[in-house]
Each structure stands twice: as structure tokens, then as C-alpha cells.
Amino acid sequence: MVPAQETRAPEVTLDEIVALCKRRGFIFPSSEIYGGIGSTYDYGHYGVLLRNNVKAEWWRAMLSDHEEIVALDSAVIQHPKVWEASGHIGGFTDPLIDCRTCKLRFRADKLEDAECGRKPSKHPGEHSECDLTEARQFNLMFETHVGPLKDSASVAYLRPETAQGIFINFKNVLQFARRKPPFGIAQIGKSFRNEITTGNFIFRTREFEQMEMEYFVPPDEAPKWHEYWMEERMRWFTDLGIRSAGLRLREHGPDELSHYSSATSDIEYLFPMGWSELEGIANRGDFDLRQHTEFSGEKLEYFDPDTKEAYVPHVIEPAAGADRAMLAFIVDAYDTEEVEGRKRTVLRLHPRLAPVKAAVLPLVSKEGMPERARAIYDEVRSKVAAEYDEGGSIGRRYRRQDEIGTPWGITVDGQTADDGTVTLRDRDSLEQVRLPAEGIAEHLAAKLAEAWRSPKLD
Ligand code: GAP
């Protein structure tokens, strides 16, 4: 069983996170020069590197740790029947309510999270001027048209989840991968949802990346594997530095379950706006394979050569958002402290997640230090992601690296010319040790492979 969890209060506001991400070039509101477009974000250099690292760690956990899991990359636009079979055309809806007075639109099931357009201290419907409509079902799928004609025959959808691309390839994968249940198919890719409840930065966006794995198992083993993946996925987050006091597992009640699920548990994280879903781990049973068998006419089942019987495997699905996971990693890593009378903001990210592992800095831009530092930089960046920075005071440069979460600073100073040593500064302890410049790249590569725990636990 998953161990009981302690809890704590949020430590940072979303505004502080948004400001840091903008200030340091992680994430920008999309189409900003045109006034922005709701709940859509663009990722800058460090955002791309950080999200890539999150995805790389997910692939590692799926493929390197599990020989029975294979990779897939399916199309964003699939046959429209896929979404009929999956139940998304009929059931992927949110109940919507409009206010005739303020003209705002709300999710009927989230009124208590929304602000009245006339009086923000009240919820919609609580103010005397509120005039709410009945709830209407609103489908979250983005529609498009395939080909030159815009008619009902050409309607297609941008996928709202990556999972269906896996189910419709079940037969293809089984043929080439020669796996027997339990086996998994993993995929990372963009999904699109015309979300109504927006806000909360990259927590809920209209375009986002999902990291989903469908694990096909003999039907009677489904509960056991469901439990297994809950533990594995919790461990993935804690191994990457999220403190367990900010994580919990919550089982869906019967009225919350998706149409396909017989049991789902969410891994929730204590985001600045409160406990919210980070990842879902569902027992989808045989719903999807049976639906696609019915709608496509193709039998999607596994033939067991030992028993000479065919059966439809059941599916356990860990489904995470890369952007949402990235937000949780940033929030958990965010820290401020006072150092020598000045406030220091630092992202205490797991070194493997950090966008840049090492910054190579000449103490001053003279006396041959930049040249020496550049040579070291060229060596270091051949082994780990590194950055060279010679602009401004050393203090400012350290602070910049702290804010993007760079775990190590390599400083070239006057002594480097004399004895070939540099200082290695640790982002978290601020300790500086002198080491030979030679071999420092290998030293850092070895440190990256070590187990790590958040210094916020100390
Ligand atoms: N295939 C199952 C599925 O899609 P989901 O709970 O709707 O389940 C899985 O989505 C995960 O994808 C969520 O836990 C979340 O991390 C991420 N996600 C879903 N909608 C999102 C959105 N609008 N913006 C960012 N991430 C989202």
C-alpha cells in the first residue's frame, strides 16, 4: 500500500512563480504582443530545457526501468470515429452556465471556485444581480476540417488525450513488439482541450503535453497492477525531489469516475491554489479495446499461446501532464532565503531536472580569465548542459543561475592560472570547494547520477 502522507501549507504564491518564469525566460503568455490568448503559453529556452528533462525522466522510468514497455508516437488528428468509440463525442463535456448580467461563463460544477463578475468576493449566483442560465453541456474537443471542404463529412478533432492513439495501435504494436500481458505502450505528445475553467498559469491550458502509458494486463491482475502503478508514479515524483508532504493519493468517488474507468486515483500536489490533480492512475478495464473492436470491426485482443485462448486485456493507465508536472517541480523547488543581508531566490531543482547543470564564470573579464573559463566551458558542456557567463558582477551572475536552478557554479579566478584549480559552488549549501579544472566535467557527470533529496527537507 501507498504510505500515509503528512501535509503542509502552500509555501509560495502562483504570482511569484509566474513572475520568476517570465523574468528568467521559462514561460511567456502566448501571443503577448496581441494581448494574449487565454490559457496558452509559449516556452522559452529554460522552459524548453526543463520540460525536456521532465519528459526524459519519464521515458527513462518507462523504458529503461521496464523492458515490457515500448514507445509510440501517434497522430494528433485521427479518424473521427476514434472519438465516437472512445466516448469523447458523446461524453467529453463540461456543464456550462452563463450569467445574463455580467456575460461571464462558468463551469456549473465549479461555481464555488469562480468569482461573480459584479462582486468578486461572491461566487456566481450569490449576488442579487446574478441571472444564471440553466447548465448546458459543452464539448471540450477542438474541431477542425480535413481537406478543402468545410462540411460535416470533413469534421475532425484535435486529440483531447494521447491514450486513444495507443488503443488504436494495439494490434500494430503487439505484432512487432511480441510482448505478452503485462506489457505497456507509452507515449508523450500534445493534447488539446477547449477548457472553460482557465487561469492558474500552466496548470490547465488549452494545449498541453501528456505523458501517458497504457499497461495491458490479464483481467484478474488489474487491481494488483493498479496498485503497483500508483506506487511507482508516487515514487517517480519523490525520487525527482518532490517532498512527500506535498503529495497525496486521492481515490475518485463513484460520481467522479470517467465513463471508461472502474477505479481512478489521482496523485494530488499541494499547488499554490491548493490540492489539485497532478496525475491520474486509472483502471480502464477493457472499455477502450472493446469499443474500438465494435466501431472498427478489428478484433483487439491477445491470443495466449499457452492456453490457446484469446482474451481482451484490461488496462491500467498512468496519465500525467508534462507541463503540470513541470509546474509542480518548480513550485516545490522554489525557495527564498537571506544571504549576507540580501534576499536570494533559488530553484532547488533535482540536478537532473535543472535546465543548466553548470555555469562557468570568470571572476572578472580580464587577466586571461575569460579565455581560461571558455576552455573549461567547452570541456564541461561536452559532458553536461552548461552555460558560460561573463557579464556583470559575480554576485549577480550567481543569483541569475540560482533563479534558474543551476546546481553548480565553476569560477575561474586568479589562482586558476597558477595551479589549474577552480572553485565549485554548490547552489543549495553555497559551499565553495577548490578542485582541479581537469576532470571537473566527469566529476559533475558522476554527481548527476547520484541519488538526491531536496535540501528543503534538512
Ligand atoms: N487519458 C486519460 C486522461 O487524459 P486526464 O485526467 O484528463 O486523463 C491526465 O488527464 C493528465 O493530463 C492530468 O492529470 C493532467 O496532469 C494533464 N492535463 C489534463 N488536462 C490538462 C490541461 N488542460 N492542461 C494541462 N494539463 C492537463
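A polar contact is a pair of N or O atoms within 3.5 Å; inside a protein, one of them must be able to donate a hydrogen and the other to accept it. Keep that cut-off handy for the exercises below. One more thing before you start: the model you're looking at is predicted.

**Exercise 1. Which polar contacts does the side chain of Ser-261 make, and is Ser-261 buried or exposed?**

Step 1. Find the residue. Ser-261 sits in the loop that joins strand S11 (247-251) to strand S12 (263-271).

Step 2. Look for side-chain partners. The side chain of Thr-264 is 2.7 Å away from that of Ser-261, and this pair is a polar contact.

Step 3. Now try the backbone. A polar atom of the Ser-261 side chain lies 3.1 Å from the backbone oxygen of Ala-263, and the cut-off to compare with is 3.5 Å.

Step 4. Settle the burial question. Ser-261 has a relative accessibility of 10%. Buried means under 20%, so Ser-261 counts as buried.

**Exercise 2. Where is Asn-283, and what does its side chain reach?**

Step 1. Place it: Asn-283 belongs to strand S13.

Step 2. Follow the side chain. It gets to the backbone nitrogen of Gly-285, at 3.0 Å.

Step 3. Check burial. Asn-283 is buried because its relative accessible area is 9%, and the limit is 20%.

Step 4. Try a second residue of the strand. Gly-274 is in S13 too, and its relative accessibility of 16% makes it buried.

Step 5. Take a distance from Gly-274. Its C-alpha atom is separated by 30 Å from that of Ala-186, and the two residues are 88 apart along the chain.

**Exercise 3. How many residues surround the ligand, and which element gives the most to the shell?**

Step 1. Count the neighbours. The ligand is surrounded by 21 residues, and the closest are Glu-161, Arg-193, Glu-195, Glu-212 and Glu-277.

Step 2. Sort them by type. The shell is made up of seven nonpolar, four polar and ten charged residues.

Step 3. Pick out some short distances. A polar side-chain atom of Glu-195 is 2.8 Å from a ligand nitrogen. With Thr-205 it's a backbone N or O atom that lies 2.8 Å from a nitrogen of the ligand. Leu-278 also uses a backbone N or O atom, placed 2.9 Å from a ligand oxygen.

Step 4. Ask how well the ligand is covered. On its own the ligand exposes 560 Å², and 91% of that is buried by the protein.

Step 5. Bring in the elements. Strands S10 (207-217), S13 (274-285) and S16 (314-321) are the ones that give two or more residues to the shell. S13 gives the most, with five residues.

**Exercise 4. Which helix gives the largest share of the lining of the second largest pocket?**

Step 1. Start with the space itself: the second largest pocket has a volume of about 270 Å³.

Step 2. Look at the lining. There are 18 lining residues, and Ala-61, Asp-65, Arg-235, Trp-236 and Asp-239 lie nearest the centre of the pocket.

Step 3. Assign elements. Helix H2 (45-64) and helix H7 (222-239) are the ones giving two or more residues to this lining. H7 has the largest share, six residues.

Step 4. Sort by type again: seven nonpolar, two polar and nine charged.

**Exercise 5. How many cavities of 30 Å³ or more does the structure hold, and what lines them?**

Step 1. Recall the idea. Rolling a probe the size of a water molecule over the atoms reveals where empty space is left.

Step 2. Count. A search of the whole structure turns up two cavities of 30 Å³ or more.

Step 3. Describe the largest cavity. Its volume is about 70 Å³. Among the residues lining it are Leu-240, Phe-329, His-350 and Trp-452. By type, the lining has seven nonpolar, three polar and two charged residues.

Step 4. Move to the second largest cavity, with about 50 Å³ of space. Its lining includes Tyr-398, Gln-401, Asp-402 and Trp-408, and it divides into five nonpolar, three polar and four charged residues.

Step 5. Find the main contributor. Helix H11 (394-404) provides the largest share of this lining, three residues.

Step 6. Finish with H11 itself. Its buried residues include Tyr-398, Gln-401 and Asp-402. After H11 comes Gly-405, with a positive phi near 85°.

Note on methods. Residues numbered from 1 in each chain as written. Predicted model: local features only at pLDDT ≥ 70, side-chain atom pairs only at ≥ 80, totals over all residues. Heavy atoms only, no water. Near = heavy atom within 4 Å. Areas by Shrake-Rupley, 256 points an atom, 1.4 Å probe, with all protein chains shown as cover. Helix = DSSP H or I, 4+ residues; strand = E, 2+ residues; numbered from the N terminus. Nonpolar A, V, L, I, M, F, W, Y, C, P; charged D, E, K, R; others polar. 1 Å grid on protein atoms, 1.4 Å probe; cavity = no way out; pocket = protein on both sides within 12 Å on 5 of 7 lines; lining within 4 Å. Points joined across faces, edges and corners; volume = space filled by probe spheres on them. Buried < 20%, exposed > 50% of the residue type's maximum accessible area, 1.4 Å probe, protein only.
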